[in-house]
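The questions below go through a structure from its interior to its charged side chains. Please keep the sequence and the model at hand while reading.

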Amino acid sequence: MIALPTASAHCDIPCKIYDPSVFLIAGLSVSRLIDLIEEERIKNTSNSQIQIIRLVIEKENQSKIVKEEVNIIWGDYFKEPQLEKFPETHKIVHLIMQLASKCKQEGSVENAEKLLEYLNRFAEIFWASKGVRTERVTAPYPPAKRIIIPVL
């Protein structure tokens, strides 16, 4: 066998490039996909069933992205100093995981809105832990919901 030297690392990705924008866009996508599913239900055309199936599959994918991206930042970035400063972080992440699962299971606009609310709060905490100011802006595309962005 080949002898390999020991390697070590403490992050999955290079440090300091974590960014909530991925999970926020996925959260917005979940909300938009739920809207589109409802629009197709109302249309009820011969093609609607096929479109709904496609939209549900993508809603599942975007919900999964939310869970994966939040989990990466929560598990890899947040350490004791951040958790001591923001003790609600674990609860918020747990609620995000539950709501993302509910969004996969159901087509509830209310659950998608709650999910985005908690994603925004988690993004606020993330940026605050880095000393970066944030603001809420309206996304420039449907569903035109308000999201947290850093003030750079």
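Q: Is Phe122 buried or exposed, by its relative accessibility?
A: This is a predicted model, in which local features need pLDDT of at least 70 and side-chain atom pairs count only at pLDDT 80 or more, while totals for chains, interfaces and linings use all residues. Residues are numbered from 1 along each chain as its sequence is written, and side-chain values use heavy atoms, with hydrogens and water left out. Buried means under 20% relative accessible area, exposed over 50%, and partly exposed in between, with a 1.4 Å probe and protein chains only. Phe122 has 0% relative accessibility, so the residue counts as buried.

Q: Which element gives the largest share of the largest nonpolar core?
A: A nonpolar core is a set of buried Ala, Val, Leu, Ile, Met, Phe, Trp, Tyr and Cys residues joined through side-chain atoms within 4.5 Å. The largest one has 33 residues, and Val70, Leu119 and Phe122 have the most contacts inside it. The elements that give two or more residues to this core, with helices (H or I, at least four residues) and strands (E, at least two) taken as DSSP runs numbered from the N terminus, are α1, α2, α4, α5 and β2. The largest share, nine residues, comes from α5.

Q: How are the rings of Phe23 and Phe122 arranged: stacked, edge-to-face or tilted?
A: Rings of Phe, Tyr and Trp (its six-membered ring) pair if their centres lie within 6.5 Å, and planes under 30 degrees apart count as stacked, over 60 as edge-to-face and the rest as tilted. By this rule the count comes to six aromatic pairs. For Phe23 and Phe122 the centres are 5.6 Å apart and the planes stand at 35°, so the pair is tilted.

Q: Which helices does the pair of Phe23 and Phe122 link?
A: The two residues are 99 residues apart, and their pair links distant parts of the chain. Phe23, at 0% relative accessibility, counts as buried. Phe23 lies in helix α1 and Phe122 in helix α5.

Q: Which residues are joined into one network by salt bridges that share partners?
A: A salt bridge is a side-chain nitrogen of Lys or Arg within 4 Å of a carboxyl oxygen of Asp or Glu, and Arg121 forms one with Glu124, the closest N and O atoms being 3.4 Å apart. Being three residues apart in helix α5, Arg121 and Glu124 are separated by about one helical turn. Arg121 is partly exposed, with a relative accessible area of 29%. The network consists of Glu88, Arg121 and Glu124.
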